[in-house]
Amino acid sequence: MDRDRPYTLIAELTYACPLRCVYCSNPVDFAKHRDRLSAADWGRVFAEADELGVMQLNLTGGEPLVRGDLEQIVAHAAELGLYTNLITSGLPLTRERLGRIRDAGIDSVQLSIQDVEKESSERIAGRESFEHKLEVASWVKELGLPLTVNTVLHRENIANVAGIVALAERFGAERLELANTQYLAWALVNRERLLPAREEIDGARAVALEARERLKGRMEILFVLPDYYSDRPKACMSGWGKRYIVVSPDGLALPCHLAHTLPGFSPENVLDRSLYAIWNDSALFRAFRGEDWMEEPCRSCERRSIDFGGCRCQTFHLTGSVTATDPACALSAEHGLVERAREHAGQLVSVDRLASKRPADGPKDGPALRYREAGRAGAVR
């Protein structure tokens with residue numbers, strides 16, 4: 001058995017979602033991935049994950065609330081004692097159903113907020129949703145559940161970090177995640193409209209750090225830099241096949257969300273083989289574990305056991321190679337791809353103002369944002 005063991009299982013219950021967020025991390029071909037796993041199937045997967053040593057479970061999507069059997073799925077996890085986090089947009093949800101989900105055994109709720117003002121929030125989300133999200137946040141606290149607020153940052157909302165912090169304070173959130181967009185999937189499609197300039201990143205980070213210090217002991221604040229503004233890449237998923245397992249709506253077991261988009265691999269399915277066997281033996285999980293696969297400069301880099309070569313999916317989708325050095329790294333021969341994107345974002349900042357400065361019908365200049373279609377990716381069971 002490989003010495004690495006998984007700590008977290010990310011269960012993508014469905015890719016269906018009522019929102020149309022322009023930075024969506026679901027694959028661009030999400031409609032091809034039907035919801036094949038029943039509640040009983042998910043229960044078996046959770047049990048196999050538990051046997052592997054998984055301690056934390058994230059129920060996500062798409063939008064997990066569109067599954068009519070979500071309460072059953074939560075109950076399966078609770079029976080195993082897995083710490084289970086519901087990652088949700090809050091749509092569609094009633095207070096009554098949230099109570100049932102709590103009673104089924106959910107441990108915490110992570111609620112997405114797109115921005116601090118109704119107009120900009122709903123433009124980013126692609127539908128009316130802001131007021132309902134405020135209600136959901138209050139229900140979470142009324143029902144005694146820990147609340148994390150998550151806001152994905154990009155050029156449309158990054159000027160509003162102080163307001164986002166204030167909103168999370170108003171909710172009584174225990175944790176705020178200010179997660180700068182990582183430019184894959186739909187975010188890569190829309191990168192020209194979304195990537196902030198360095199000065200915007202630096203300003204938002206300063207606000208977040210001040211708030212973190214001020215709110216220490218009351219609310220944890222996490223500010224995640226985008227790879228495009230780091231000279232060295234982050235350890236994607238804490239290293240390939242080391243701590244995380246992702247299971248897609250159609251049952252693919254993956255080391256990360258977009259691993260099935262890499263060429264040359266046939267991801268294995270939990271409907272065909274046990275999670276234990278896939279984790280230990282599948283070609284996909286073993287492909288980029290360790291250092292043997294690395295090319296220079298990664299192979300001789302002193303950070304190779306820290307960042308593990310960066311993100312394989314980002315590397316492929318930018319360069320066409322699965323083994324090259326991540327272009328986010330300044331040592332990469334393809335780092336110019338990232339530098340040019342940053343330079344272009346800096347040029348746009350003077351003419352493409354942030355969401356709070358734009359009229360309600362959105363930007364008039366520059367490329368149009370491409371929205372993913374809302375709704376069902378497959379039959380919701």
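**Worked exercises: burial, packing and backbone**

At 8% relative accessibility, Gly 310 counts as buried (buried is under 20% relative accessible area, exposed over 50%, partly exposed in between; 1.4 Å probe, protein chains only). The model is predicted, so to speak of a local feature takes pLDDT of at least 70 and of a side-chain atom pair pLDDT 80 or more, while totals for chains, interfaces and linings use all residues. Residues are numbered from 1 along each chain as its sequence is written, and side-chain values use heavy atoms, leaving out hydrogens and water.

**Exercise 1.** Place Gly 310 in the fold and list what it touches beyond four places in sequence.

*Step 1.* Start with the loop between helix H11 (283-287) and helix H12 (312-319), where Gly 310 sits. Helices (H or I, at least four residues) and strands (E, at least two) are DSSP runs, numbered from the N terminus.

*Step 2.* Now look for contacts (heavy atoms within 4.5 Å). Leaving out residues up to four places away in sequence, Gly 310 touches Pro 233, Lys 234, Cys 236 and Asp 326.

*Step 3.* For a longer view, take Leu 195: 115 residues separate it from Gly 310 in sequence, and their C-alpha atoms are 19 Å apart.

**Exercise 2.** Do the same for Ser 321: is it buried, partly exposed or exposed?

*Step 1.* Ser 321 belongs to the loop between H12 and helix H13 (335-348).

*Step 2.* With a relative accessible area of 23%, Ser 321 is partly exposed.

*Step 3.* Set aside neighbours within four places in sequence, and Ser 321 is in contact with Thr 315 and Phe 316. Thr 60 is 261 residues from Ser 321 in sequence and 29 Å away in space, C-alpha to C-alpha.

**Exercise 3.** Work out how the axes of H5 and H6 cross, and which residues meet.

*Step 1.* Fit the axes as lines through C-alpha atoms over the stretch in contact, with angles from 0 to 180 degrees between N-to-C directions. For H5 (residues 130-142) and H6 (residues 161-171), the axes come within 9 Å and cross at roughly 40°.

*Step 2.* H5 and H6 are therefore oblique to each other (under 35 degrees is roughly parallel, over 145 roughly antiparallel, 65 to 115 roughly perpendicular, the rest oblique).

*Step 3.* Pick out the residues: Leu 134, Ala 137 and Lys 141 from H5 meet Leu 167, Arg 170 and Phe 171 from H6.

**Exercise 4.** How many residues of H4 are buried, and what follows this helix?

*Step 1.* H4 (residues 118-125) is mostly covered, with six of its eight residues buried: Ser 120, Ser 121, Glu 122, Arg 123, Ile 124 and Ala 125.

*Step 2.* H5 is included in what covers them.

*Step 3.* Just after H4 comes Gly 126, whose phi is positive, about 85°.

**Exercise 5.** Track down two cis peptide bonds and two non-glycine residues with positive phi.

*Step 1.* Leu 91 and Pro 92 are joined by a cis bond with omega about -10°; Pro 92 lies in the loop between strand S3 (83-88) and helix H3 (95-104).

*Step 2.* The bond from Glu 296 to Pro 297 is cis too, omega near 5°, and Pro 297 is in the loop between H11 and H12.

*Step 3.* Ala 185 isn't a glycine, yet its phi is positive at about 55°. Ala 185 is found in helix H7 (residues 185-189) and is buried, with a relative accessible area of 12%.

*Step 4.* Met 237 has a positive phi near 55°. This residue lies in the loop between strand S7 (220-224) and strand S8 (244-247), and at 18% relative accessibility Met 237 counts as buried.
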